[in-house]
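Walk through this structure one element at a time. Keep the sequence at hand.

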Amino acid sequence: MRILLFVFTAILLAASTPAQAQVDAISKYFSKYVDDERFTVVYISPKAFQMFDKLDIDLNDDEANAIKEVVKDLRGLRILVAEENTMALYKEASQMINKNEYEVLMTVRNKGEESVDFLIKDTGDIIDELLMIVGGPEDFVLMSFVGQIDINKISQMAKAFEDDEEDEDEDKED
């Protein structure tokens, strides 16, 4: 009987672990400030992205089709923007990031101006989260895209935009 109770407890603990892992530092940071009047908050839920994918739109445009391909796999977008206490907010957000979970994609620092960090959580060619943190004398921005961001689809989207620009240039020459 004790073995059965132990196995049952172990199964319950294992099942609850993924739910706890979903509450990462960035989610806690958003939760901390989402109701704070000093912040501009943008939140697009997973349901909104699902609805976008289900829209019955006749897309003859390569750019629109490419965007729809990228967006359909997103599960959420969270943005916090503040114009007060910006550098302290930037430092706080930066310190909350688990350096073992995120990899720095790009950092831009301008002495006395803004610091911009792009970080990702990825699995091979799939980005699970794209995080941008901006801190400067006037603005603090934290933006998090969550979902399955396929590098190959991003490349196809960029190509669609390049092809469209080339078509526009040819039209101007005529």
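Start with V34, which counts as partly exposed because its relative accessibility is 38%, between the 20% limit for buried and the 50% limit for exposed. The model is a predicted one. V34 sits in the loop that links α2 (25–33) to β1. Together with V41 and Y43, V34 makes a nonpolar surface patch of about 260 Å².

Next comes the strand pairing. Strand β1 spans residues 39–44 and pairs with β2 in the antiparallel sense, over 6 bridges. One contact to look at is F39, whose bridge partner in β2 is A82. In a regular strand, side chains alternate between the two faces of the sheet.

Now follow β2 itself. This strand covers residues 74–82 and is mostly covered, with 7 of its 9 residues buried. Strand β2 also pairs with β6 (residues 140–150): the two run antiparallel and are joined by 8 bridges. Within this pairing, G76 stands opposite V146 of β6.

Leave β2 and move towards α5. The loop between β2 and α5 (86–96) contains N85. What is the sign of phi at N85, positive or negative? Phi of N85 is positive, near 55 degrees, and N85 is a residue other than glycine.

Finish with the aromatic rings. The structure holds 3 aromatic pairs. Which residues do ring pairs link into a cluster? They are Y29, Y33, F39 and F140. F39 thus appears twice in this tour: F39 is a member of the ring cluster, and F39 has A82 as its bridge partner in β2.

Technical notes:
Residues numbered from 1 in each chain as written. Predicted model: local features only at pLDDT ≥ 70, side-chain atom pairs only at ≥ 80, totals over all residues. Heavy atoms only, no water. Buried < 20%, exposed > 50% of the residue type's maximum accessible area, 1.4 Å probe, protein only. Helix = DSSP H or I, 4+ residues; strand = E, 2+ residues; numbered from the N terminus. Pairing = 2+ DSSP bridges. Phe/Tyr/Trp six-rings, centres within 6.5 Å; stacked < 30°, edge-to-face > 60°. Patch = residues over 30% accessible without salt bridge, like charges linked within 9 Å, V, L, I, M, F, W, Y side chains within 5 Å. Areas by Shrake-Rupley, 256 points an atom, 1.4 Å probe, with all protein chains shown as cover. Salt bridge = Lys/Arg side-chain N within 4 Å of Asp/Glu carboxyl O.
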